[in-house]
Amino acid sequence: MPISITLTVTKGKLASKQFRYDQHEKLVIGRHSDCAIVLPESTVSRYHCLLEISPPEVLLCDFGSLNGTFLNGCKIGQRPRGMSVEDARKQRLNEVYVKSGDILGIGDKCEIRMDVSTPLYCADCYCELPSGVSKKHGGLPLCEACLSAREREGRLPVKCEICGKSISVTDRKYKICPECRKGLGKALNHSVKRNEAGDVFRDIGKYRKVKLLGKGGMGEVWLAEDEAGTQYALKFMLPRTAGKASGRASFLREAQLMGQLDHKNVIRQYESGEIGEGFYILMEYCRGGSVDGLMQKSGGKLSLEKATGIILQALEGLIYTHGVGIRATLGNGENVCHDGVVHRDFKPHNIFLSDGTDKAVAKVADFGLAKAFEASGQTGITATGAVAGTMAFMPRQQYLDYRYAEPQVDVWAAAASYYYMLTGCFPRNFNGMLPHVAILKNSAVPIRERDPGIPKSLADVIDRALIDNPAIVTKSASDLKKQIEQAVQKKG
């Protein structure tokens, strides 16, 4: 049984109703019908607050509600009477971590209790232990067989390789305690040092690292080379949370499935696996770098011709992946086929160019990797203030339902990316407000308000494709590609 979060309504019209979560979720709580948890009380705002769940962690974020959000009776956020909604949205409202047994007050007429259920696993064999098992050998939970083996052999508790503290539960597999693992840079440096000659790739066959290509929230990407001199991009992904073995297996299974994709406008993924406490993905190397890197070199945006050429090729990649059949083998040995793959994290950072010439081929990268990483429990709470990443290219449907995986979310993100390439601006205005609130409340700014030089026929296509309230209007990558091609031909 995985670690789970149970939310129980203890006060209000839905008293006694329960909601249970055992995976990474982002839940908008409010009165509006499209919220993840809908509370009918009149004192609850339409979009009242956010709960980000990454078991066992839970982060509560108030949206500036007029009637306030409370934690154990203490106010954590409220818009003062007399302050406009617009002014409240500009404020950085409180975010607090919630622990098991805490009571959340949603306004003054509704309360929710949060409880964490944490199963216990043997630190040696990882079998699930019954409740009430005592912890011995430095606080490590052990099954009877492993406890007897340790006592016979006189073994000491496992120590963190960075700080030296005893490691408990399944953290033993990582050889680094949770506190040290939260420091991504420290853990990555340690991983390099613990390999011979500082070569983090020595366990992935005969690859040598050439140079660091970039760092991100999940790890590092290196240029790697094999004995024949062929170059690859090697992504090293480091979990920030313990994650069960089943979660690690789930992520690896997802990564291996993506290795079946084969299209000129999709980066080829050759192999994937575990290395030390992390994962690696060996991919096709694109000498031209990412589109957001090209934008930086070009003064912050791209010409109409360049941006259009890139997005049309990227849409070809989406057309392929949204229709491709992917084969998978389930845990019981059953062979199944999934029809279509949705990216769910499409943005300029994930579009790469084969080389630095004007005839470079645009290729979409990282299909499902970021979402699979989160869903399998390998990452923790997201930094809610990070506007410049994924959330700026996310339609409200995907934000309101974290697991929403229809192809149309990629289509909206492609239109948002095209908009960003042409103007250097995100479609929505954020203006220092919480990105959660901006996604829920703000529509995309018409593109000609950003740049009047955009041809009107093309602007109409982009503006229409960025409508996501109440529904996404342009639903297929092929439709968006055709509309862009027709609009560019009109040039007016």
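**Cysteines, helix pairs and backbone oddities in a predicted model**

At 1% relative accessibility, C110 counts as buried, the cut-off for that label being under 20%. This value, like everything below, comes from a predicted model. The sulfur of C110 has its closest cysteine counterpart in C49, 9.5 Å away, and that is too far for a bond. A disulfide would need the two sulfur atoms within 2.5 Å. C61 tells a similar story: its nearest cysteine sulfur also belongs to C49, at 8.3 Å, and C61 is in no disulfide. C61 is tucked away too, with a relative accessible area of 1%. Taken over the whole structure, the disulfide count is zero.

C110 turns up again in the surroundings of L104. This leucine sits in strand β10, which covers residues 103-106, and its relative accessible area is 0%, so L104 is buried. Leaving aside residues up to four places away in sequence, L104 touches L51, L60, F70, L71, V98, C110, E111 and I112. As for K75, it is 29 residues from L104 along the chain, and the C-alpha atoms of the two are 9.9 Å apart.

Stepping back to the chain as a whole, there are 492 residues, of which 51% are buried. The secondary structure comes to 14 helices and 25 strands. Of the contacts with a separation of 6 or more, 57% are between residues 24 or more positions apart.

Now for the helices. Helix α2 runs over residues 144-153, and its buried residues are C146, L147, A149 and R150. Looking down the axis of α2, these buried residues fall within an arc of 160 degrees, so they line one face of the helix. Residues three or four places apart in an α-helix point the same way, because there are 3.6 residues a turn. On the face of α2 turned away from the buried side, the exposed residues are E144, A145, E151 and R152. An arginine thus appears in each list: R150 is among the buried residues, while R152 is among the exposed ones.

Which way do α7 and α10 run relative to each other? Helix α7 (residues 304-323) packs against helix α10 (residues 407-423) at an angle of about 170 degrees, with 10 Å between the axes. The two helices, α7 and α10, are therefore roughly antiparallel, the threshold for that term being over 145 degrees. On the α7 side the contact is made by L304, A307, T308, I310, I311, L315, L318 and H322, and on the α10 side by P407, D410, A414, Y418, M421 and L422. Sorted by class, the contact of α7 with α10 has eleven nonpolar residues, two polar and one charged.

A second pair of helices packs further along the chain. Helix α13 (residues 456-465) and helix α14 (residues 477-490) have their axes 7 Å apart and meet at an angle of about 160 degrees. That angle makes α13 roughly antiparallel to α14. Helix α13 brings S457, L458, V461 and A465 to the contact, and α14 brings L480, Q483, I484, A487, V488 and K490. The class breakdown for α13 with α14 is seven nonpolar, two polar and one charged.

The loop between α13 and α14 holds P470, and this proline comes with a backbone quirk. The peptide bond joining N469 and P470 is cis, with omega about 10 degrees. Another cis bond leads from P55 to P56, where omega is near 5 degrees. P56 likewise belongs to a loop, here between β5 (49-54) and β6 (57-62).

Positive phi values in residues other than glycine round out the backbone picture. N72 is not a glycine, yet its phi is positive, about 55 degrees. Its place is the loop between β7 (69-71) and β8 (74-77), and at 42% relative accessibility N72 counts as partly exposed. R344, again a residue other than glycine, has a positive phi near 70 degrees. R344 is found in the loop between β23 (335-339) and β24 (351-353).

Technical notes
Residues numbered from 1 in each chain as written. Predicted model: local features only at pLDDT ≥ 70, side-chain atom pairs only at ≥ 80, totals over all residues. Heavy atoms only, no water. Buried < 20%, exposed > 50% of the residue type's maximum accessible area, 1.4 Å probe, protein only. Helix = DSSP H or I, 4+ residues; strand = E, 2+ residues; numbered from the N terminus. Arc of directions from axis to C-beta. Axes fitted to C-alpha atoms, helices over the stretch in contact; angles between N-to-C directions. Parallel < 35°, antiparallel > 145°, perpendicular 65-115°, else oblique. Contact = heavy atoms within 4.5 Å. Nonpolar A, V, L, I, M, F, W, Y, C, P; charged D, E, K, R; others polar.
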